[in-house]
Amino acid sequence: MKTFLVVNPRSANGQTGKRWAEISAQVGKALGEFGHGFTQGGMDAARITRQALLDGYECVVAVGGDGTLNEVTNGFFENGRAINPNAALGLIPRGTGGDFRRTFGWDLELESSLERLRSGTTEPFDVGQLEFVGNDGQPATRYFANIASFGVSAVVAQEVNRSSKALGGHLSFMWGTLKGLVKYSERQVRLSVDGGPEEVVSVTAVAVANGRYFGSGMFVAPDAVTHDGLFDVTIWSGYGLSDFVLKSKGVYNGSHVNWKGTRRLRCRTLRAEPLEGGDVFLDVDGETPGRLPCTMTLLPGAIRLKVS
């Protein structure tokens, strides 16, 4: 496949940019000729990806973390449709959180990534489409590869993204979670699933999952599959700081699904509106682009994913 790499030079705490000559030499040795572009700011990866696909590249690879992967996924779409449904999404993971790769059991070794990219194996990949209110107050649309959530998870993401992440992914998210739970108060949200009746839910967090992990290793959706045509939705209600301190192990091993305050469902669409009492913000693959109301729709097999 004609391959293009979208490189976030700031990923891996800047090591991707510093080591690019070494990385690119290894990529060239494994894949032969390839194109590449460097990101410089927000949504650059989406723009670069879109142009690469329009230029005829058949595989676009995110070189970075979950945020870079999200932007690259967005670049696969234009005017609400996939530019090339047969084009493949690839990943060389270089980020702090690494939640997307965990779903597939991928490690951080460059050679492992290059083996995946060298193989001809792809599988259908579902993509989430999110319609919401952007941070500028205007209607917005965004796609997501892994998980979109709202509630305390967005407060945590804001805390983590403000930090240097010098503690590493896991500890940065643990500390961000503690600070987020101190700041957050439960919100009342009106939910509707697959066009069904509306229900008012008290929300600590709602995770609408294509993949299985978020928050640098939290096993939020243990049964999620990225090509089954359905979101796995996890609703947490009534949780506070003491719950996380006492029971956080269950969030990381998946046993939280058996807790009294956890509810799960599967769907193709989810609509969420806040009731009075303040804004409810979104966390989309680790980024915080806006707030409710929102509609999330799964696009089954919208593109392909490079797998080993």
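**Close-up views of the predicted model**

**View 1. Arg142 (R142) in strand β8.** R142 is found in strand β8, which spans residues 139-144. The coordinates shown here and in the following views belong to a predicted model. R142 is buried yet takes part in no salt bridge. E71 is the nearest side chain of opposite charge, at 4.7 Å, and the lack of a salt bridge follows because the pair would have to lie within 4 Å to count as one. The side chain of R142 does make a polar contact of 2.9 Å with the side chain of N70. Leaving aside residues up to four places away in sequence, R142 touches M43, N70, E71, N74, G128, Q129, L130, F132, E287 and P289.

**View 2. Strand β7 and its antiparallel partners β8 and β17.** Strand β7 (residues 122-134) runs antiparallel to strand β17 (residues 290-306), and eleven bridges join the two. Within this pairing, L130 has M296 of β17 as its bridge partner. β7 is also joined to β8 by six bridges, again in the antiparallel sense. V133 has P139 of β8 as its bridge partner. β7 and β8 form a hairpin with four residues between them, and in the turn G137 has a positive phi of about 85°.

**View 3. The open five-stranded sheet.** Five strands form an open sheet in the order β14-β13-β12-β9-β16, with antiparallel pairing. β14 (262-267) and β16 (282-284) stand at the edges; each has a single partner strand, so one side of each is left without a neighbour in the sheet. From one strand to the next, the twist averages 15°. Strand β9 (residues 147-151) pairs with β16 over three bridges in the antiparallel sense. In this pair, S149 stands opposite D283 of β16.

**View 4. Asn8 (N8) in the loop between β1 and α1.** N8 lies in the loop that links β1 (3-7) and α1 (15-18). N8 is buried, with a relative accessible area of 15%. Its side chain makes a polar contact of 3.2 Å with the side chain of T68. With residues up to four places away in sequence not counted, N8 touches T16, T39, V63 and T68.

**View 5. Helix α3 and its buried residues.** In helix α3 (residues 44-54), the buried residues are D44, A45, A46, I48, T49, A52 and L53. The buried residues of α3 pack against β1, β2 (35-38), β3 (59-64) and α4 (66-75). Within the helix, D44 forms a salt bridge with R47, with the closest N and O atoms 3.6 Å apart. The two residues are three apart in sequence, about one turn of the helix. D44 counts as buried at 13% relative accessibility, whereas R47 is partly exposed, with a relative accessible area of 49%. Just after α3, G56 takes a positive phi of about 100°.

**View 6. Salt bridges in helix α5 and around R190.** The structure holds twelve salt bridges. One of them joins the side chains of R102 and D99, at 3.3 Å from N to O. Both residues lie in helix α5 (residues 99-104), three residues apart. R102 counts as partly exposed at 26% relative accessibility, and D99 counts as buried at 4%. The side chains of E198 and R190 meet in another salt bridge, at 3.4 Å from N to O. E198 counts as exposed at 55% relative accessibility, while R190 counts as partly exposed at 27%. Salt bridges with shared partners join R190, E198, R271 and E273 into one network.

How values were computed. Residues are numbered from 1 along each chain as its sequence is written. This is a predicted model: local features need pLDDT of at least 70, side-chain atom pairs count only at pLDDT 80 or more; totals for chains, interfaces and linings use all residues. Side-chain values use heavy atoms; hydrogens and water are left out. Two strands pair if DSSP finds at least two bridges between them. Axes are lines fitted to C-alpha atoms, for helices over the stretch in contact, and angles run from 0 to 180 degrees between N-to-C directions. Buried means under 20% relative accessible area, exposed over 50%, partly exposed in between (1.4 Å probe, protein chains only). Lys and Arg count as positive and Asp and Glu as negative; His and the chain ends are not counted. A polar contact is a pair of N or O atoms within 3.5 Å; within protein, one must be able to donate a hydrogen and the other to accept it, and residues adjacent in sequence count only if both atoms are side-chain atoms. Contact means heavy atoms within 4.5 Å.
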